[in-house]
Amino acid sequence: MNTMLRKSVLGIAGLAFTGGVFAGPIAAHAAEPVHSTKPVAVSVQGAQSKIDLNYEQLANAKAIIAATKKAGLPERAAVISIATSLQESKLENLGHLGDANDHDSLGLFQQRPSSGWGTPEQITNPEYSTLAFLKGLKQVDGWQDMPLTEAAQTVQVSAYPDAYAQWEQQAADIVAHNWNS
């Protein structure tokens with residue numbers, strides 16, 4: 001009985017030691033400050049695309065982030081907006097493209113004056129077009145928790161509803177890098 005008690009105590013001590021070895025690093029990291037750049041990816045879907053951004057494209061991404069903050073929305077909204085713009089225009093503020101235009105689609109989000117998004121002048125203003133997109137996003141119940149492509153598609157009503165997903169990681173990286181700057 002004494003030997004059994006001793007083995008039990010040693011077994012418990014061994015488990016406690018092992019738990020400390022593995023949990024120690026976790027506990028040490030828990031004490032570190034948590035930074036609020038956890039915006040973003042609910043779960044990245046499928047293969048991801050990435051493009052190198054020029055100065056104008058980066059300025060447009062920053063304008064989307066600024067408009068998102070102005071609207072009082074969280075980083076996730078900026079990620080959805082930037083991913084949508086990456087798909088629609090590669091973050092380029094598109095004017096009328098002649099025969100290459102998709103109907104009368106303009107701006108960062110390929111919004112259409114004929115569909116009530118605003119005037120051509122408004123739609124080609126990055127702040128206006130982002131706020132218009134975000135107004136639509138806020139009307140989508142549960143957008144914060146749904147897959148990015150579903151949230152974007154509900155607002156945009158694209159012929160390619162799954163195409164937004166491929167930009168989620170790059171959009172998340174852009175927002176994480178620029179949200180606090």
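1. Surface and burial. The accessible surface of the chain comes to about 10,400 Å² in this predicted model, and carbon and sulfur atoms account for 58% of that surface. Of the 181 residues in the chain, 36% count as buried, a total that covers every residue of the model, including those of low confidence.

2. Confidence. The mean pLDDT of the chain is 81, and 72% of the residues score at least 70. Among the elements, helix α2 has the highest mean pLDDT, at 98, whereas helix α1, residues 2-30, has the lowest, at 43. Over residues 1-41 the pLDDT stays under 50, and for this stretch the model has 17 contacts beyond four places in sequence. I would ask that any statement about residues 1-41 be accompanied by that pLDDT, which is under 50 throughout.

3. Overall architecture. The secondary structure consists of 7 helices and 0 strands, so that, by the rule that helices are numbered from the N terminus, the pattern along the sequence reads α-α-α-α-α-α-α. When contacts between residues at least 6 apart in sequence are considered, 62% of them join residues at least 24 apart.

4. The nonpolar core. The largest nonpolar core contains 35 residues, and the residues with the most contacts inside this core are Ile80, Ile82, Leu137 and Trp143. Helices α2, α3, α5, α6 and α7 each supply at least two of the core residues, and the largest share, 7 residues, comes from α3. As for Leu137, once neighbours within four places in sequence are left aside, this residue is in contact with Ala77, Ile80, Trp143, Ala151 and Val155; two of the residues with the most contacts inside the core, Ile80 and Trp143, therefore appear in the contact list of Leu137.

5. The salt bridge of Glu127 and Lys70. The structure holds 2 salt bridges, and one of them joins the side chains of Glu127 and Lys70, with an N to O distance of 2.5 Å. This pair links distant parts of the chain, since Glu127 belongs to helix α5 (residues 126-138) and Lys70 to helix α2 (residues 55-70), 57 residues apart. Glu127 is partly exposed, its relative accessible area being 34%, whereas Lys70 counts as exposed because its relative accessibility is 58% and the cut-off for that class is over 50%.

6. The salt bridge of Arg76 and Glu168. Here the side chains of Arg76 and Glu168 meet at 2.8 Å, again from N to O. Arg76 lies in helix α3 (residues 75-89) and Glu168 in helix α7 (residues 168-178), so this salt bridge ties together parts that are 92 residues apart in sequence. Both Arg76 and Glu168 are buried, whereas in the other pair Glu127 is partly exposed and Lys70 is exposed.

7. The surroundings of Thr149. Thr149 lies in helix α6, which spans residues 148-156, and this residue counts as buried because its relative accessibility is 8%, where the cut-off is under 20%. The side chain of Thr149 reaches the backbone oxygen of Pro161 at 2.6 Å. Apart from neighbours within four places in sequence, Thr149 is in contact with Gln45, Pro161, Asp162, Ala163, Tyr164 and Ala165, so that Pro161 figures both in this contact list and as the partner of the Thr149 side chain.

Technical notes: Residues are numbered from 1 along each chain as its sequence is written. This is a predicted model: local features need pLDDT of at least 70, side-chain atom pairs count only at pLDDT 80 or more; totals for chains, interfaces and linings use all residues. Side-chain values use heavy atoms; hydrogens and water are left out. A salt bridge is a side-chain nitrogen of Lys or Arg within 4 Å of a carboxyl oxygen of Asp or Glu. Helices (H or I, at least four residues) and strands (E, at least two) are DSSP runs, numbered from the N terminus. Buried means under 20% relative accessible area, exposed over 50%, partly exposed in between (1.4 Å probe, protein chains only). Contact means heavy atoms within 4.5 Å. Accessible areas come from the Shrake-Rupley method with a 1.4 Å probe; for residues, only the protein chains shown count as cover. pLDDT is the predictor's confidence in each residue, from 0 to 100. A polar contact is a pair of N or O atoms within 3.5 Å; within protein, one must be able to donate a hydrogen and the other to accept it, and residues adjacent in sequence count only if both atoms are side-chain atoms. A nonpolar core is a set of buried Ala, Val, Leu, Ile, Met, Phe, Trp, Tyr and Cys residues joined through side-chain atoms within 4.5 Å.
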